[in-house]
Amino acid sequence: MSDSTPPIRVLLVEDNLINRSIMERFLRHMNVRYDVASNGEEAIRIVAPAAVGRGPYHIVFMDIQMPIMDGIAATKHIRRLELSVKSPVIIVALTASSLESDRRAALSAGCNDFLTKPVSLIWLKLKIVEWGCMQALIDHDGWRKWRSKRSRFEVPQ
C-alpha cells in the first residue's frame with residue numbers, strides 16, 4: 001500500500017466491465033487490497049462470512065443498478081447480517097443517477113455515502129482515505145503500524 005493509503009480492504013461491486021476496469025486499475029495504483037463482485041448476490045456471498053465477526057472488508061463500493069440483485073437490496077441484506085457486529089462495513093453507493101430520491105434511497109437502505117458515475121478518481125481517492133482512515137482507527141495495531149511507517153517518510157515542519 002502507498003504511504004497515503006490506509007491499511008484497508010475493499011470490495012468493489014460493479015457489473016459494468018468498463019467501470020469495474022477503471023476502478024480496479026485505480027485501486028491497484030493506490031495499492032489497495034480489493035476483491036470484486038459483479039452483482040448483489042455475489043457481494044452478499046463474499047461479505048456474509050465476514051459479517052459474523054470483524055470481516056476482511058473495510059469499504060464496499062456498491063453499484064446500485066445491477067442485474068440479479070441490485071445494490072439497494074444487497075445493502076439491506078448486508079446490514080441485516082451485521083446486526084451483532086461491533087463495527088459494520090462502510091458502504092459507498094455508486095450510481096449514474098444524481099437524483100436526490102436515489103441518494104435518499106441508498107442512504108436509507110444503509111449506505112454511508114454516495115458517489116455518482118462516472119466516478120471521479122479524485123473523489124474515489126478522497127473516499128478511500130476518508131472512510132479508510134476511520135475504519136483503520138478501529139484496528140488500533142494496524143493503524144499504529146501504518147502511522148509509524150508514514151512518519152518515516154514525512155518531512156518535519
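In this predicted model, K117 and E14 pair up in a salt bridge, with their closest N and O atoms 3.1 Å apart. That pairing fits a simple rule: side chains of opposite charge can pair when their charged atoms come close. K117 sits in the loop between β5 and α5, while E14 sits in the loop between β1 and α1, so this one pair ties together parts that are 103 residues apart in sequence. Neither partner is out on the surface. K117 has a relative accessible area of 15%, which makes it buried because the cut-off is under 20%. E14 is buried too, at 0% relative accessibility.

The pair also belongs to something bigger than itself. The structure holds seven salt bridges, and one of them brings the side chains of R104 and E100 together, at 4.0 Å from N to O. Those two are four residues apart in helix α4, so about one helical turn separates them. E100 is partly exposed, with 45% relative accessibility. Elsewhere, salt bridges with shared partners link E14, D63 and K117 into one network.

D63, the third member of that network, deserves a closer look. This residue is part of strand β3, which covers residues 59-63. With a relative accessibility of just 2%, D63 is buried. Setting aside residues up to four places away in sequence, D63 touches V13, E14, D15, G71, L94 and K117. On the annotation side, an unreviewed UniProt entry gives D63 the feature "modified residue: 4-aspartylphosphate".

Right after K117 comes a quirk of the backbone: the peptide bond from K117 to P118 is cis, and its omega is near 0 degrees. P118 belongs to the loop between β5 (113-116) and α5 (121-138). Two other spots in the backbone stand out for their phi angles. N31 has a phi near 60 degrees, a positive value in a residue other than glycine. This residue is in the loop between α1 and β2 (33-37), and it is partly exposed at 40% relative accessibility. I68 is also a residue other than glycine with a positive phi, near 70 degrees. The loop between β3 and α3 is where I68 is found, and with a relative accessible area of 63% I68 counts as exposed.

Now for the overall layout. The chain has six helices and five strands. Starting from the N terminus, they come in the order β-α-β-α-β-α-β-α-β-α-α. The chain has 157 residues, and 46% of them count as buried. Counting contacts with a separation of 6 or more, 67% are between residues 24 or more positions apart. On the outside, the accessible surface comes to about 8500 Å², with 57% of that belonging to carbon and sulfur atoms.

What about the inside? The largest nonpolar core has 21 residues, and the ones that touch the most other members are L11, V13, V60, M62, I78, I91 and A106. Several elements chip in, with at least two residues each from β1 (9-13), α2 (40-51), β3, α3 (71-81), β4 (90-95) and α4 (100-109). There is also a second, separate core of 19 residues, whose members include F26, Y34, L115 and W131. Back in the largest core, I91 makes a good example. Leaving out neighbours within four places in sequence, I91 is in contact with V60, M62, T75, I78, R79, C111, N112 and D113.

One of those contacts, R79, is a charged residue in helix α3. R79 is buried, with a relative accessible area of 18%. Beyond residues up to four places away in sequence, R79 touches P88, V89, I90, I91, A109, G110 and N112. R79 also forms a salt bridge with E82, where the closest N and O atoms are 2.6 Å apart. E82 is buried as well, at a relative accessible area of 7%.

Finally, not every nonpolar side chain is tucked away. On the surface, I18, I22 and L121 form a nonpolar patch with about 260 Å² of accessible area together. I22 is located in helix α1, which spans residues 17-29. This residue is partly exposed, with a relative accessible area of 38%.

Technical notes: Residues are numbered from 1 along each chain as its sequence is written. This is a predicted model: local features need pLDDT of at least 70, side-chain atom pairs count only at pLDDT 80 or more; totals for chains, interfaces and linings use all residues. Side-chain values use heavy atoms; hydrogens and water are left out. Patches are made of residues with over 30% relative accessible area and no salt bridge: like charges are joined within 9 Å, nonpolar side chains (Val, Leu, Ile, Met, Phe, Trp, Tyr) within 5 Å. Accessible areas come from the Shrake-Rupley method with a 1.4 Å probe; for residues, only the protein chains shown count as cover. Buried means under 20% relative accessible area, exposed over 50%, partly exposed in between (1.4 Å probe, protein chains only). Contact means heavy atoms within 4.5 Å. UniProt positions are given in the numbering used here, feature names are shortened, and annotations may be inferred rather than shown by experiment. A nonpolar core is a set of buried Ala, Val, Leu, Ile, Met, Phe, Trp, Tyr and Cys residues joined through side-chain atoms within 4.5 Å.
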